[in-house]
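Visitor: I am new to this structure and would be grateful for a formal introduction. May we begin with its interior?

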Amino acid sequence: MDVCVVLYRCGAERVEAGLRPGDRLVTIDNTHRNRGFAAGSNLAASWGKDPLVCFVNPDGDLTAGCLDGLEAAFEDPAVVAAGPSLGEVDVALLPDRSPAFLSGCCLAVRRAAFEQVGGFD
């Protein structure tokens, strides 16, 4: 899996610690030329080749089994995006009281679908 991290005045050590053998870390340093998260993520993704792309915030801690779990979700060919469990969600804070969402703090997508929609805007 290509794991893309957009940096700003930081490193990717926390994310790197959770990579598995065969995963590829792709970083974009936005410190001096801040492209923004979307453009930085699109650029990082364009440098990868794996059919799965995972976008992770630089302060993200990929716990044991996180990437395995994300990858397993894609065994279903209908799945185009997946995210890890982020713990308890207070549905009272959500407008429709439904916790059906994926967080951008850690988001895995099929490269083909991501490229088909033109990436993030």
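Guide: Please bear in mind that this is a predicted model. The largest nonpolar core comprises 17 residues. Val3, Cys54, Val56, Leu62, Leu67, Leu70 and Cys106 have the most contacts inside it.

Visitor: Which elements each supply at least two residues of this core?

Guide: Strands E1, E3 and E5 do so, as does helix H3 (66-73). Val3 offers an example of the contacts: leaving aside residues up to four places away in sequence, Val3 touches Val15, Leu19, Arg24, Leu25, Val26, Cys54, Val56 and Leu67. A second core, separate from this one, has 10 residues, among them Cys4, Ile28, Ala44 and Val109.

Visitor: How should I read the sheet, and in what order do the strands stand?

Guide: In general, the strands of a sheet pair through backbone hydrogen bonds, in a parallel or an antiparallel manner. Here, five strands form an open sheet in the order E2-E1-E3-E5-E4, and the pairing is mixed. Strand E2 (24-29) and strand E4 (81-82) each have a single partner strand, so they stand at the edges and one side of each lacks a neighbour in the sheet.

Visitor: In which sense do E4 and E5 pair?

Guide: E4 pairs with strand E5 (residues 106-110) in the antiparallel sense, over two bridges. Ala82 stands opposite Ala108 of E5.

Visitor: Which strands does helix H2 touch?

Guide: Helix H2 (residues 37-46) packs on the sheet and touches strand E1 (2-7), E2 and strand E3 (52-56). The direction of H2 makes an angle of about 145° with that of E1.

Visitor: Let us turn to the aromatic rings. How many aromatic pairs are found in the whole structure?

Guide: The search finds four aromatic pairs. In one of them, the ring centres of Phe37 and Phe120 are 6.0 Å apart and the planes stand at 45°, so this pair is tilted. Phe37 belongs to helix H2 and Phe120 to the segment after helix H4 (111-116), so the pair ties together parts 83 residues apart in sequence.

Visitor: What is the geometry of the aromatic pair of Phe114 and Phe120?

Guide: That pair is edge-to-face, with 5.1 Å from centre to centre and 70° between the planes. Ring pairs link Phe37, Phe55, Phe114 and Phe120 into a cluster.

Visitor: Is Phe114 buried or exposed?

Guide: Phe114 has a relative accessible area of 9%, and because buried means under 20%, Phe114 is buried. Phe37, at 38% relative accessibility, counts as partly exposed, and Phe120, at 26%, also counts as partly exposed.

Key
Residues numbered from 1 in each chain as written. Predicted model: local features only at pLDDT ≥ 70, side-chain atom pairs only at ≥ 80, totals over all residues. Heavy atoms only, no water. Pairing = 2+ DSSP bridges. Helix = DSSP H or I, 4+ residues; strand = E, 2+ residues; numbered from the N terminus. Contact = heavy atoms within 4.5 Å. Axes fitted to C-alpha atoms, helices over the stretch in contact; angles between N-to-C directions. Core = buried A, V, L, I, M, F, W, Y, C linked by side-chain atoms within 4.5 Å. Buried < 20%, exposed > 50% of the residue type's maximum accessible area, 1.4 Å probe, protein only. Phe/Tyr/Trp six-rings, centres within 6.5 Å; stacked < 30°, edge-to-face > 60°.
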